[in-house]
Amino acid sequence: MKKRNGIWFLIVAMLLSLALAGCSSSSSGTKEEEDNEKGTDTEETTSGGTLVFGRGGDSTSLDPAITTEGESFKVTKNIYETLINFGEQDTEIEAGLATEWETSEDGLKHTLKLREGVKFHDGTDFNAEAVVFNFERWKAGSAEQFYYYNSQFGDKISEVKAVDDYTVEFILNKPIAPFLKNLAMSPFGIASPAAVEKHGDKFLQNPVGTGPFKFQELKPNDRITLVKNEDYWQEGLPKLDQVIFRVIPENSARLNALATGEVDLIDGVNFSDVGQIEGNPDLQVFERPTLNVAYLGLTSTRGPLKEKLVRQALNYAVDKQALIDAFYAGAAEPAKNPMPPVVAGYNDDVQDYEYNPEKAKELLKEAGYEDGFEMELWAMPVPRPYMPDGQKVAEALQANFDAIGVKAKIVSYEWGTYLDKAKNGEADTFLLGWTGDNGDADNFLYVLLDQDSIGSNNYSYYKNPEVHDLLVKAQASADQAEREELYKQAQLIIKEDAPWIPLVHSRPILAGKADITGFKPHPTGSDLLSTVEFK
């Protein structure tokens, strides 16, 4: 960005002040206007300005409690805050809206002391009653509406009560081993009770939290604009005056927008473009700590996929290393389990299905499909950190399956429709993935593959009572060693049943302008932008 003289700076500052006061709309402005909002460059790092974040898809909701979709959390992370926080670039728990906590010996009572002097964006007070309101709201809703609450807490929470203005007590029916980590997950951002009651069903488009940025404007499939929370409780934060999330579906178009100055920060970078970015002195590369898995789901209630031998055959047909070489530029490792090796309880003794087309053909013959069969292969329409190009990955898989006589027709839908239809079990096979919410094995195995999660995140409709018993027992155990052993047993059974073809664990790449500082990509994929500023 070019430096500007002092007179121009004063004019820009005046315009920015008017914009933030509501006298002009910057969210629909041109690139030139967005540049002007950033103010002047100096040799020192300075606060203020606008960050334009280019991303591949739009948010499906701005109420984090009713979505499971990462593009939504990317925005809501900056509007809402949780009772407990994760570390800057890990999933260790830290103080958030709660400053301290205590757990009873039997694991059935958690008492949290809340931060005082915090206000919601609408000026109302954050306190224990607000916490109780949010949990009662989630509990009263349907399992489909508030998926995360029901999957992580459900009937396990007996009561949430305000002991006093800044003390809240959770009484459980049975222990939840990752209870505190669950509280730090984005879906459990605390909303203003007054705003929820005011907006009703429209609250998902009118979000009000306590976070560093306030919602200003939503233009579907175009942009979401947030502005600085001037009354934020953390002194000196946020650094930026405004954040604009722009939707640019194509990876190459997004990178071009970064290079030409239309945006300042992008995710979903093609791994093959990293060298080009690193060679540009005006740009920089950010690597997100890995906590993900990409997979091809095999819906176990549909056609030939009902047969375990068929699902195993498809696993043998896939050349994972070729996928990594072609689409990840080596910045990934083959996945053999539904969760990455960094998660406690990962079973490294599990043997993966090797790339063996002849073995795949043998299994198909044994299952009665010697001549193969036809099926649909759904390709993700948007790039994700674990899936840089769903269409191209689908084409590679199509070729793998064709080699064993299975004809896969590639289909796709708009992102929201894709998720809804896959959730309803309408896909034969489908590309998806998961970035962990809290770094716990429960968040991968139970959330994605337990029978309780069918109709939500268990898109493959996989059901095994033995796996369910193991996962529920691990969920309730306070003994971490026991939990890890239970998860290892579950992974062995899941591997044998083959409801997925786990593909890769990627090291997601983001890119930004060279003058950005203070950006710390989080392994959960939900990035807090309060410390970001321009040099």
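## A walk through the predicted model

Let's start with helix α12, residues 357-366, whose buried residues are A360, L363 and L364. Looking down the axis of α12, you'd find these buried residues within an arc of 100 degrees, so they line one face of the helix. That fits a general rule: an α-helix has 3.6 residues a turn, so residues three or four places apart point the same way. Turn to the other side of α12 and you meet E362, K365 and E366, which are exposed. What sits over the buried residues of α12? The cover includes α10, residues 308-317. Just past the end of α12 comes G368, with a positive phi of about 95 degrees. Keep in mind along the way that this is a predicted model.

Next stop, the sheet. Six strands make up an open sheet with mixed pairing, and their order is β14-β18-β13-β17-β15-β16. At the edges stand β14 (332-334) and β16 (407-411); each has a single partner strand, so one side of each is left without a neighbour in the sheet. On average, neighbouring strands here are turned by 25 degrees against each other, if you ignore direction. As for what holds such an arrangement together in general, strands of a sheet pair through backbone hydrogen bonds, either parallel or antiparallel.

You can pick out one pair and follow it. Strand β13 (residues 292-298) and strand β18 (residues 500-506) run antiparallel and are joined by four bridges. If you want a single residue to look for, try L296, whose bridge partner in β18 is I501. Packed on this sheet is helix α13, residues 390-402. Helix α13 touches β13, β15 (374-378), β16, β17 (429-435) and β18, and its direction makes about 170 degrees with that of β16.

Now over to a histidine in a loop. H121 has its place between β5 (109-114) and α4 (128-140). Is H121 buried or exposed? Its relative accessibility is 14%, and the cut-off for buried is under 20%, so H121 counts as buried. Leaving out neighbours within four places in sequence, H121 is in contact with I79, V208, G209, T210, G211, F213, K214 and N229. Take G209 from that list: 88 residues separate H121 and G209 along the chain, yet their C-alpha atoms are 5.9 Å apart. F213 is another of those contacts, and its backbone oxygen lies 3.4 Å from a polar atom of the H121 side chain.

A few backbone details are worth a look too. Most residues other than glycine have a negative phi, and most peptide bonds are trans. Where does N221 sit? You'll find N221 in the loop between β8 (213-219) and β9. Its phi is near 60 degrees, a positive value in a residue that isn't glycine. N221 is also exposed, with a relative accessible area of 58%. The loop that follows β9 (223-228) and leads to β10 (242-247) holds P238, and the peptide bond from L237 to P238 is cis, with omega near -5 degrees. Farther on, Y461 is no glycine either, but has a positive phi of about 55 degrees; Y461 lies in the loop between α15 (442-449) and α16 (465-476).

Finally, a word from the records. An unreviewed UniProt entry carries the annotation "domain: Solute-binding protein family" for residues 92-452. Over residues 92-452, the chain is 29% helix and 23% strand, and the end C-alpha atoms are 27 Å apart.

Note on methods: Residues are numbered from 1 along each chain as its sequence is written. This is a predicted model: local features need pLDDT of at least 70, side-chain atom pairs count only at pLDDT 80 or more; totals for chains, interfaces and linings use all residues. Side-chain values use heavy atoms; hydrogens and water are left out. Buried means under 20% relative accessible area, exposed over 50%, partly exposed in between (1.4 Å probe, protein chains only). Helices (H or I, at least four residues) and strands (E, at least two) are DSSP runs, numbered from the N terminus. The arc is that of the directions from the helix axis to the C-beta atoms. Contact means heavy atoms within 4.5 Å. A polar contact is a pair of N or O atoms within 3.5 Å; within protein, one must be able to donate a hydrogen and the other to accept it, and residues adjacent in sequence count only if both atoms are side-chain atoms. Two strands pair if DSSP finds at least two bridges between them. Axes are lines fitted to C-alpha atoms, for helices over the stretch in contact, and angles run from 0 to 180 degrees between N-to-C directions. UniProt positions are given in the numbering used here, feature names are shortened, and annotations may be inferred rather than shown by experiment.
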